[in-house]
Amino acid sequence: MRLLGLRLHHVEMPLVAPFTTSFMTQTHKRCFLVEARVETASGAIVTGWGENVALDRPFYSPEHVDGASEVIERWIAPLLFAVEDLTAETVAHHLRRIVGHPMAKASVEMAMLDAQLRAEGRSFASYLGAVRTSVPSGVSVGIQDSVAATLGVIGGYVEQGYARIKLKIRPGADVEHVAAVRREFGDDLPFQVDANAAYTLVDAAHLRRLDAYGLLLIEQPLGEADIRQHAELARLMTTPMCLDESIDSAEAAVDAIVLGAAAVVNVKPGRVGGYLEARRIHDIASAHGIAVWCGGMLETGIGRAANAALAALPGFTLPGDISGSDRFYAEDVVTEPLRMHDGVVDVPTGPGFGVEIDEGRLDRFRTSLKEMSA
Ligand code: OSB
Ligand code: MG
């Protein structure tokens, strides 16, 4: 294939409710969708879509929306336009000189994957080797102002039938909220917490109090760079340790597993440089007997569809943050957004990621368009 052109559709979409983590409150989703135009070996022109998951501020990882967009325009696009015989599988190789910027790279690889699979008439799930037609749907619940509000919001999701609840925590909004959730919804509710790096090892004694509540796991309590410290904390707690921010590659995943810093890994394709690296992490984690689950970045219908296919691989044994699109959005940019029913979301079966862009809605949400061509 040859990459002929890239368009970055910058969008801003309102969230149905503010989403608060230990690092920020989001009321809108700002991101860009990547439209790739490719020419296949037989001369057909095919379009593929990807989604960039960088947040609008560099508070979760070093990347941010405008930076990722600039890196694609200045560095990624020129490198890929120069390749005669480009495939989705060789994108990362051609970008190897660019240090970091995994989310920027991932979004372009993603659009190439969609185009390539559409040209072949093959679904992403089939390409990956998915073994399930639907996957359990978990929901990530933001930090609320009070314990009562936490119980109210979680009660709503439990009633809808979500298969697992993840509660965001931070110092000052942790043990008390977790204890109340267990009291209200019982010990059988599949329940876990995510601190987004809000604690330090000095908080170990405090975090140990969470061990009393039978959590599935605690996600990223310590800093991004603190793999060794997570290993130490893991030895002090019985709650399984799960890493998110710290795992930016398959190599980091192996380090964390071997050091005892991760009993579980949150796999986010954007964070690790793409769906192909995400599959490698699934493979090596499975080889080590380590469970993985698919994380989320408030994706639109494009990323949500791709995540559902990834989560259908056999090693994804815990429910992912793959909620129905309506958990965040009243309207999505695809014609048929992912829906949660009976605690699951169905894995799309159409060519590529199996979703179609709703041009009218994309027009309404678009704030700017960047166009590049070979
Ligand atoms: O830590 O998993 C996280 C959203 C943005 C940045 C980081 C995280 C999250 C979520 C939301 O938890 C998951 C979702 O998309 O449902
Ligand atoms: Mg997380």
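## A walk from the ligand outwards

Start at the ligand: the shell around ligand 1 has 3 nonpolar, 5 polar and 3 charged residues. Keep in mind that you're looking at a predicted model.

**Stop 1: the ligand shell.** Select ligand 1 and then show side chains for Y60, S140, D194, N196, D244, G295, G296, M297, L298, D321 and S323, the residues around it. Colour them by class, and the 3 nonpolar, 5 polar and 3 charged residues should stand out.

**Stop 2: the parallel sheet.** Now switch to cartoon. Which strands make up the open sheet with parallel pairing? There are 7, and the order to click through is β5-β6-β7-β8-β9-β10-β11. Select 138–141 for β5 and 291–294 for β11 to see the edge strands, each of which pairs on one side only.

Zoom in on one junction in this sheet. Strand β8 is residues 218–219 and strand β9 is residues 241–243; they run parallel, and 2 bridges join them. For one of these contacts, pick E219, whose bridge partner in β9 is C242. As background, strands of a sheet pair through backbone hydrogen bonds, either parallel or antiparallel.

**Stop 3: an annotated stretch.** Select 147–240. An unreviewed UniProt entry annotates these residues as "domain: Mandelate racemase/muconate lactonizing enzyme C-terminal". In the model, residues 147–240 are 43% helix and 12% strand. Put a distance label between the end C-alpha atoms of that stretch and you should get 24 Å.

**Stop 4: the antiparallel sheet.** Next, find the other open sheet: 4 strands in the order β3-β2-β1-β14, with antiparallel pairing. Its edge strands are β3 (45–51) and β14 (366–373), and each pairs on one side only. Neighbouring strands here are turned by 20° against each other on average, ignoring direction.

Two helices are worth switching on while you're here. Select 65–81 for helix α1, which packs on the sheet and touches β1, β2 and β14. Its direction makes about 165° with that of β1. Then select 102–120: this is helix α3, lying across β2 and β3 and running at about 140° to β3.

**Stop 5: strand β1 and its neighbours.** Hide the helices and select 2–20 for β1 and 25–39 for β2. These two run antiparallel, with 14 bridges between them, and a hairpin connects β1 to β2 through 4 residues. Click M13 and look across to K29, its bridge partner in β2.

What are the bridge partners of V11 in β2 and in β14? Over in β2 the partner is C31, while in β14 the partner is R366. The pairing of β1 with β14 is antiparallel too, and 7 bridges join them.

**Last stop: the whole chain.** Zoom out and show everything. In total the chain has 12 helices and 14 strands. Its radius of gyration is 20 Å, close to the 21 Å that the globule rule gives for 374 residues, so the chain is as compact as a globular protein of that length. If you draw a box along the principal axes, the C-alpha atoms fill roughly 60 × 40 × 35 Å.

Terms used:
Residues are numbered from 1 along each chain as its sequence is written. Chains are lettered from A and ligands numbered from 1 in the order in which they are written. This is a predicted model: local features need pLDDT of at least 70, side-chain atom pairs count only at pLDDT 80 or more; totals for chains, interfaces and linings use all residues. Two strands pair if DSSP finds at least two bridges between them. Axes are lines fitted to C-alpha atoms, for helices over the stretch in contact, and angles run from 0 to 180 degrees between N-to-C directions. Two residues are in contact if their C-beta atoms, placed from the backbone, lie within 7 Å. A residue is near a molecule or strand if its C-beta atom, placed from the backbone, lies within 6 Å of it. Ala, Val, Leu, Ile, Met, Phe, Trp, Tyr, Cys and Pro count as nonpolar, Asp, Glu, Lys and Arg as charged, and the others, Gly among them, as polar. UniProt positions are given in the numbering used here, feature names are shortened, and annotations may be inferred rather than shown by experiment. The radius of gyration is taken over C-alpha atoms; the globule rule is 2.2 Å times the number of residues to the power 0.38.
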